[in-house]
Amino acid sequence: MSVRLKLTLSYAGFLMLAGVLLLAAVWLFLLRYVPDRGMLYNPDDGPTGGVFPIRSALLAVFAPRAAAVLAFLLVFGLVGGWILAGRMLAPLTRIADATRRATHGSLSHRIKLPGHNDEFRELADAFDAMLARLEAHVAEQRRFAANASHELRTPLAISKSLLDVARTDPHHDTAELIDRLHTVNTRAIDLTEALLLVSRAEQRSFTRQRVDLSLLAEEATETLLPLAEKHGVTLETGGEITITTGSRALLLQLTTNLVHNAIVHNLPDGGTVWVHTDARPGTATLTVENTGERLPPALVSTLTEPFQRGTERIHTDHAGIGLGLAIVKTIAHAHDGMLTLAPRPAGGLRISVELPTQNPRSDEV
């Protein structure tokens with residue numbers, strides 16, 4: 001049976017039960033005091049004079065009318081219950097219709113249930129919010145897949161062109177060709193590894209442990225110190241012990257990407273990168289700032305999109321693959337953190353990653 005039919009039968013059953021109880025109360029508390037033998041009174045005593053009705057006579061009159069009342073209550077309960085159940089279940093019908101549309105791929109539809117803030121309204125609003133997040137996620141995944149396909153196609157096309165040149169021109173410099181193929185192949189491998197890292201972070205397939213962000217900051221700056229010295233960029237690290245929970249490998253990748261991005265997006269000479277960690281109640285913060293060109297806020301808001309690049313890098317080497325900040329954003333969200341980008345008034349960028357010190361999720365995801 002459908003839920004509407006079950007509710008209808010329930011309404012009618014409760015109404016019939018209430019009617020039976022009411023009639024039983026009338027019988028028990030009224031008719032039981034009626035005598036079962038005839039009694040005569042003096043008609044001159046007023047309206048109570050004459051023959052007083054006996055119990056059997058009243059029962060004969062009361063029983064068929066009680067049955068008629070019960071029959072009416074049954075019909076009224078079924079019809080009224082069917083109408084009331086339909087009105088009560090109307091929001092569920094709209095939610096079910098939206099679910100069917102979402103199943104067929106229409107994620108832009110919203111229920112927008114009117115009325116007061118009851119349980120159905122809360123359910124519909126939660127469903128609308130879920131559809132909005134799902135639509136945004138699917139759009140982001142499609143955009144990411146399209147960009148990734150485009151970025152992967154470029155090195156493959158270059159490799160094919162180089163191989164075609166080598167096949168048509170046997171006297172071409174083999175060493176130069178090998179170097180160029182090695183560079184292109186390395187870029188393709190880096191891009192593939194970055195895509196796998198993004199996928200792993202999004203799936204949260206990692207074990208959580210206690211991690212000190214200050215140690216990760218020192219390790220990342222030490223690793224990238226030769227690159228910074230080569231390009232004349234000064235690295236300054238400071239802060240206190242900052243404990244959070246998460247994957248040490250992913251958080252180290254996050255820190256390294258931030259420092260690397262701050263180095264390659266810097267002044268041509270004499271630039272500076274500041275790496276700072278800060279522990280607050282419930283929050284562990286990693287902040288990376290760098291000097292550089294002045295960036296408009298509209299550009300800053302797009303830097304975390306995959307394959308988006310800001311200003312030109314100070315050198316053509318270490319050009320990156322356009323996934324540095326996208327990976328940072330994915331890792332931060334996988335750790336239930338928040339990534340904030342803001343342009344510095346004097347030029348450059350300030351990036352903060354806020355992570356919870358006690359993650360609300362389980363220790364293993």
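**Exercise 1. In this predicted model, work out how helix 6 and helix 8 cross, and which residues make the contact.**

Solution. Start with the axes: helix 6 (residues 248–264) and helix 8 (residues 324–334) come within 9 Å of each other, crossing at roughly 145°. Next, look at the hand, which is left-handed for this pair.

Now pick out who touches whom, counting heavy atoms within 4.5 Å. Helix 6 brings Leu-250, Leu-251, Gln-253, Leu-254, Asn-257, Leu-258 and Asn-261. From helix 8 come Gly-324, Leu-325, Ile-327, Val-328, Ile-331 and Ala-332. Finally, sort them by class: the contact of helix 6 with helix 8 has 9 nonpolar and 4 polar residues, with no charged ones.

**Exercise 2. Find the second largest pocket and say which elements line it.**

Solution. First, the volume: the second largest pocket comes to about 300 Å³. Then walk around its lining, where you'll find His-137, Glu-140, Ala-201, Glu-202, Arg-204, Lys-329, Thr-330, His-333 and Ala-334.

Map those onto the fold. Helix 3 (119–168), helix 4 (174–203) and helix 8 each give two or more residues to the lining. Helix 8 has the largest share, with 4 residues. As for chemistry, the lining of this pocket splits into 4 charged, 3 polar and 2 nonpolar residues.

**Exercise 3. Lay out the order of the 5-strand sheet, then place helix 5 against it.**

Solution. Step one is the order: the 5 strands run 4-6-7-9-8 in an open sheet with mixed pairing. Step two, the edges: strand 4 (233–239) and strand 8 (338–343) each pair on one side only. Step three, the twist: neighbouring strands are turned by 15° against each other on average, ignoring direction.

Zoom in on one edge. Strand 8 and strand 9 (residues 349–356) run antiparallel, joined by 6 bridges. Here Ala-342 sits opposite Arg-350 in strand 9.

Last, add the helix. Helix 5 (residues 213–230) packs on the sheet and touches strand 4, strand 6 (271–280), strand 7 (283–290) and strand 9. The direction of helix 5 makes about 170° with that of strand 4.

Note on methods: Residues are numbered from 1 along each chain as its sequence is written. This is a predicted model: local features need pLDDT of at least 70, side-chain atom pairs count only at pLDDT 80 or more; totals for chains, interfaces and linings use all residues. Side-chain values use heavy atoms; hydrogens and water are left out. Axes are lines fitted to C-alpha atoms, for helices over the stretch in contact, and angles run from 0 to 180 degrees between N-to-C directions. A crossing is left-handed if the near helix is turned anticlockwise from the far one by less than a right angle, and right-handed if clockwise. Ala, Val, Leu, Ile, Met, Phe, Trp, Tyr, Cys and Pro count as nonpolar, Asp, Glu, Lys and Arg as charged, and the others, Gly among them, as polar. On a 1 Å grid over the protein atoms alone, a cavity is a set of points where a 1.4 Å probe fits but cannot get out, and a pocket is an open set with protein on both sides within 12 Å along at least five of seven lines; lining residues have an atom within 4 Å of a point. Grid points are joined across faces, edges and corners, and a volume is the space filled by probe spheres set on the points. Two strands pair if DSSP finds at least two bridges between them.
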